[in-house]
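Student: I'm new to this one and would like a close look at a single part. Could you take me through the aromatic rings and then show me how they fit into the rest of the chain?

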Amino acid sequence: MTTEDWSLRLAQMDDAEHLPAIERAAGQLFSGDPDLTNIDFDDVWTAAEHRQFIRRGHCLVAAASELIVGFLTSQPFRRELHIWEMSVHPDFQQCGIGAGLLRACIIDAKNSGFSAITLTTFRDVPWNRPFYQKIGFTVVEDMAAHPRLADEISEEANNGLPRDRRCGMIYFIG
């Protein structure tokens, strides 16, 4: 698949019905991780929850023909845009869709006047921290300086994700 085979656009309300299945399929890539045996990979955001984010206007989808194959869900927090979830269906990974979603998010954030984009992710999974760093995100080393991200990582740990494997990342809009 080449970049001519897929496109990006703002998410529309009808797209929300497709997003849980994509998130569920992408989550299965983590199912063999021994640290994550207590995580329910079928517990994903519902279409109704996705519609709440879509209403805010900063959610993107990737489509191959008429099929939704990936998405990025984000939410404004003051001058920052936080990425809650980015998932690409496994059948469409390694095609540049994730990088395309992130670059479109950066353009959206810049055009909307945000100063930064934030997210939390795994430090040690190749398609997580190293992937985001290639796009220009940096690890937030001093979590005390970013309490919202610190709180998010604490919440993730309370939900079963291994705290020592998680990190906050930021992309400054220049």
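Tutor: Here is a walk through the rings, followed by the fold around them.

Keep in mind from the start that this is a predicted model. To talk about rings at all, we need a simple language: a pair of aromatic rings is described by the distance of the centres and the angle of the planes. Counting ring pairs with centres within 6.5 Å, we get eight aromatic pairs here. Take F131 and Y132 as one to look at: their ring centres are 5.4 Å apart, and their planes meet at 65 degrees. Planes over 60 degrees apart count as edge-to-face, so that's the label for the pair F131 and Y132. While you're there, check how covered Y132 is: its relative accessible area is 8%. Anything under 20% counts as buried, so Y132 is buried.

Now move over to W45, F53, F77 and W84, which together make one aromatic cluster. Stay on F77 for a second, because this ring has a charged visitor too: R148 lies over its face, 4.5 Å from the ring centre. You'll find another arrangement of this kind at F122, where the charged end of R166 sits over the ring, 4.6 Å from the centre.

Time to zoom out to the fold. The protein chain has five helices and seven strands, and going from the N terminus the order reads β-α-α-β-β-β-α-β-α-β-α-β. The seven strands make an open sheet with mixed pairing, and across it they're ordered β1-β2-β3-β4-β5-β7-β6. At the edges stand β1 (7–10) and β6 (138–139); each has a single partner strand, so one side of each has no neighbour in the sheet. The partner of β1 is β2 (residues 60–64): the two run antiparallel, with four bridges joining them. If you want one spot to click on, try L8, whose bridge partner in β2 is A62.

And the chain as a whole? For 174 residues, a compact globule would have a radius of gyration near 16 Å, and the protein chain agrees with that at 15 Å. Its C-alpha trace spans about 45 × 40 × 30 Å along the principal axes. Y132 has plenty of company in being covered, as buried residues make up 49% of the 174 in the chain. Lastly, among contacts between residues at least 6 apart in sequence, 69% join residues at least 24 apart.

Conventions
Residues numbered from 1 in each chain as written. Predicted model: local features only at pLDDT ≥ 70, side-chain atom pairs only at ≥ 80, totals over all residues. Heavy atoms only, no water. Phe/Tyr/Trp six-rings, centres within 6.5 Å; stacked < 30°, edge-to-face > 60°. Buried < 20%, exposed > 50% of the residue type's maximum accessible area, 1.4 Å probe, protein only. Lys NZ or Arg CZ within 6 Å of the ring centre and 35° of its normal. Rg over C-alpha atoms; globule rule 2.2 N^0.38 Å. Contact = heavy atoms within 4.5 Å. Pairing = 2+ DSSP bridges.
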